[in-house]
Amino acid sequence: ALKSISRNVTGYNTLVLLIPEKDKHEFDTRQLPERTLIHYVQEYGKGWLFQQVCKLQAYKYCYADYIMFSDSDCFFTYPINLQDFVKDDKPEILYTDWSLVGDGIVWKEPTELFMKEPVPYEMMRRNCLIYHRSTLLNISEYAPDLENTVMKSARFSEFNAMSAYAYKYERDKYNFINTDD
């Protein structure tokens, strides 16, 4: 993933990696992309839930106005400029009606629990979503017990939660694009 970023990704300032402290010895830091910052975190509980907490709390690790998320299993196979996903200072978020997302329907209930109301759309429609850092800070105020909520969940969808929050409370800060259109 890091080699593909070095080879194909432009339009970013700093690459921020979060690595579990317990895996520190397995990670070779000798060949990192330029402008890489590493944070070692104390992972606990189920790793797939913990990494969602880390994303929701990315404002603690990254101070950029925009934060793009990419997992270690995401490879960039052709040149991409991350600035292309922000138009008029608004990151793009794709959304689809729940009735059209097939197995993605499993994220509806946890997203609605997070929002405390019905949510009309599934919003985890592609990799490498970008959010305003301020949105993540606002979510931390909206849901101060979010870490505990996520870690005790049977399932959670951080991107659906972030996007549903942005759709309801910060719609003017994002370009929401209906995939049906």
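Helices in these legends are DSSP runs of H or I with at least four residues, strands are runs of E with at least two, and both are numbered from the N terminus. The model is predicted.

**Figure 1. The whole chain holds 6 helices and 10 strands.** The radius of gyration is 16 Å, close to the 16 Å that the globule rule gives for 181 residues, so the chain is as compact as a globular protein of that length. Along the principal axes, the C-alpha atoms fill a box of roughly 45 × 35 × 30 Å. Of the 181 residues, 43% count as buried. Sequence-distant contacts feature strongly: among those between residues at least 6 apart in sequence, 70% join residues at least 24 apart. The exposed area is about 10300 Å², and carbon and sulfur atoms supply 50% of it.

**Figure 2. The largest pocket has a volume of about 1600 Å³.** Its lining has 47 residues, and L15, V16, L17, M68 and S70 are the closest to the pocket centre. Elements that give two or more residues to this lining are α1 (2-8), β2, β3, α2 and β4 (66-68). β2 gives the most, with 6 residues. By residue class, the lining divides into 30 nonpolar, 8 polar and 9 charged.

**Figure 3. Helix α2, residues 47-56, is mostly covered.** Of its 10 residues, 7 are buried. They are L49, F50, Q52, V53, C54, K55 and L56. The cover over these buried residues includes two strands, β2 (15-20) and β3 (36-41). It also includes the helices α4 (133-142), α5 (146-151) and α6 (158-169). In an α-helix there are 3.6 residues a turn, so residues three or four places apart point the same way. α2 also belongs to the elements that give two or more residues to the lining of the largest pocket.

**Figure 4. Helix α3 and the residue that follows it.** P110, T111, E112, F114 and M115 are the buried residues of α3. What covers them includes α4, α5 and α6. Next after the helix comes K116, with a positive phi near 65 degrees. Most residues other than glycine have a negative phi.

**Figure 5. V119 sits in the loop between α3 (108-115) and β8 (121-122).** V119 counts as buried because its relative accessibility is 6%, and the cut-off is under 20%. Leaving out residues up to four places away in sequence, V119 touches W98, K108, T111, E112 and A164. T111 and E112 are themselves among the buried residues of α3. A164 is 45 residues from V119 in sequence, yet their C-alpha atoms are 7.0 Å apart.

**Figure 6. S163 lies in helix α6.** S163 is buried, with a relative accessible area of 0%. Not counting residues up to four places away in sequence, its contacts are I93, M123, Y131 and F176. A64 is 99 residues from S163 along the chain, and 18 Å separates their C-alpha atoms.

**Figure 7. R155 is placed in the loop between α5 and α6.** R155 counts as partly exposed because its relative accessibility is 37%, between the cut-offs of 20% and 50%. Aside from its neighbours within four places in sequence, R155 is in contact with W48, V106, W107, E109 and P110. P110 is one of the buried residues of α3. R155 and T135 are 20 residues apart in sequence; C-alpha to C-alpha, the two are 22 Å apart.

**Figure 8. Positive phi in two loop residues, R35 and D89.** R35 lies in the loop between β2 and β3. Its phi is near 60 degrees, a positive value in a residue other than glycine. R35 counts as partly exposed, at 44% relative accessibility. D89 lies in the loop between β6 (86-87) and β7 (90-97). Its phi is about 65 degrees, again positive although D89 is not a glycine. D89 counts as exposed because its relative accessibility is 56%, and the cut-off is over 50%.

Conventions
Residues are numbered from 1 along each chain as its sequence is written. This is a predicted model: local features need pLDDT of at least 70, side-chain atom pairs count only at pLDDT 80 or more; totals for chains, interfaces and linings use all residues. Side-chain values use heavy atoms; hydrogens and water are left out. Buried means under 20% relative accessible area, exposed over 50%, partly exposed in between (1.4 Å probe, protein chains only). Contact means heavy atoms within 4.5 Å. On a 1 Å grid over the protein atoms alone, a cavity is a set of points where a 1.4 Å probe fits but cannot get out, and a pocket is an open set with protein on both sides within 12 Å along at least five of seven lines; lining residues have an atom within 4 Å of a point. Grid points are joined across faces, edges and corners, and a volume is the space filled by probe spheres set on the points. Ala, Val, Leu, Ile, Met, Phe, Trp, Tyr, Cys and Pro count as nonpolar, Asp, Glu, Lys and Arg as charged, and the others, Gly among them, as polar. The radius of gyration is taken over C-alpha atoms; the globule rule is 2.2 Å times the number of residues to the power 0.38. Accessible areas come from the Shrake-Rupley method with a 1.4 Å probe; for residues, only the protein chains shown count as cover.
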